[in-house]
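Trainee: Could you take me through one part of this model closely, namely the nonpolar core and what surrounds it? I would like to know how far each statement can be trusted.

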Amino acid sequence: MTSKEAAEYLRISYDGFRTMQSRGQGPAVFIALGRRLRFRKQDLDAFLASRVQYDDRVSDPGHGKGVSAGSDLNPVALKRKRGRPRSTGQIVLMPVSFYAKASLLLALAIAECMISLLFS
């Protein structure tokens, strides 16, 4: 199957399938023909089987262990916040004294350059 056919078979969007592949979360077994990827049905079935998650708190009398869609143990069912995900810790605020020292050093460096230009 092509990537689009594999995405349809897995019942996910094509863009979502490509994102999974680029993050290394998609089916690990594929056939590469140049830049084109092909997937076998049995490999996609194995990928789906590896992603099955069981919740021990909910039982289904007809099928043994059941899967709960609203379970805390099922990370796929967790609701995500809307919008672009933000990683924490990117912005670090420095104390004001740090900026004062940095601006003083910059002013001294500029003054040194101006003096060297005047006396050269």
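Mentor: Confidence comes first, and in this protein it is highest in α1, at a mean pLDDT of 90, and lowest in strand β4 (residues 64-65), at 48; pLDDT is the predictor's confidence in each residue, from 0 to 100, while helices (H or I, at least four residues) and strands (E, at least two) are DSSP runs numbered from the N terminus. This is a predicted model, in which local features need pLDDT of at least 70 and side-chain atom pairs count only at pLDDT 80 or more, whereas totals for chains, interfaces and linings use all residues. Residues are numbered from 1 along each chain as its sequence is written, and side-chain values use heavy atoms, with hydrogens and water left out. The protein averages a pLDDT of 76, and 66% of the residues score at least 70. Over residues 64-75 pLDDT stays under 50, although the model has 24 contacts (heavy atoms within 4.5 Å) beyond four places in sequence for them. Where pLDDT is low, the predicted coordinates should not be read in detail.

The largest nonpolar core has eight residues, A6, A7, L10, F17, M20, F39, L44 and F47; such a core is a set of buried Ala, Val, Leu, Ile, Met, Phe, Trp, Tyr and Cys residues joined through side-chain atoms within 4.5 Å, and buried means under 20% relative accessible area, with exposed over 50% and partly exposed in between (1.4 Å probe, protein chains only). Two or more of these residues come from each of α1 (3-10), α2 (14-23) and α3 (41-50), and α1 gives the most, with three. Leaving aside residues up to four places away in sequence, F47 touches L10, M20, Q25, G26 and P27.

Within the core, F17 and F39 are both buried. Ring centres of Phe, Tyr and Trp (its six-membered ring) within 6.5 Å make a pair, stacked with planes under 30 degrees apart, edge-to-face over 60 and tilted for the rest, and the count by this rule is one. That pair is F17 and F39, edge-to-face at 5.3 Å centre to centre with 75° between the planes. It links distant parts of the chain, since F17 is in helix α2 and F39, 22 residues apart from it, is in the loop between β2 (36-38) and α3.

S3, in helix α1, touches both of these rings' residues as well as Y14 and L37, not counting residues up to four places away in sequence. S3 counts as buried because its relative accessibility is 16%. The C-alpha atoms of S3 and Y14 are separated by 7.4 Å, with the two residues 11 apart along the chain.
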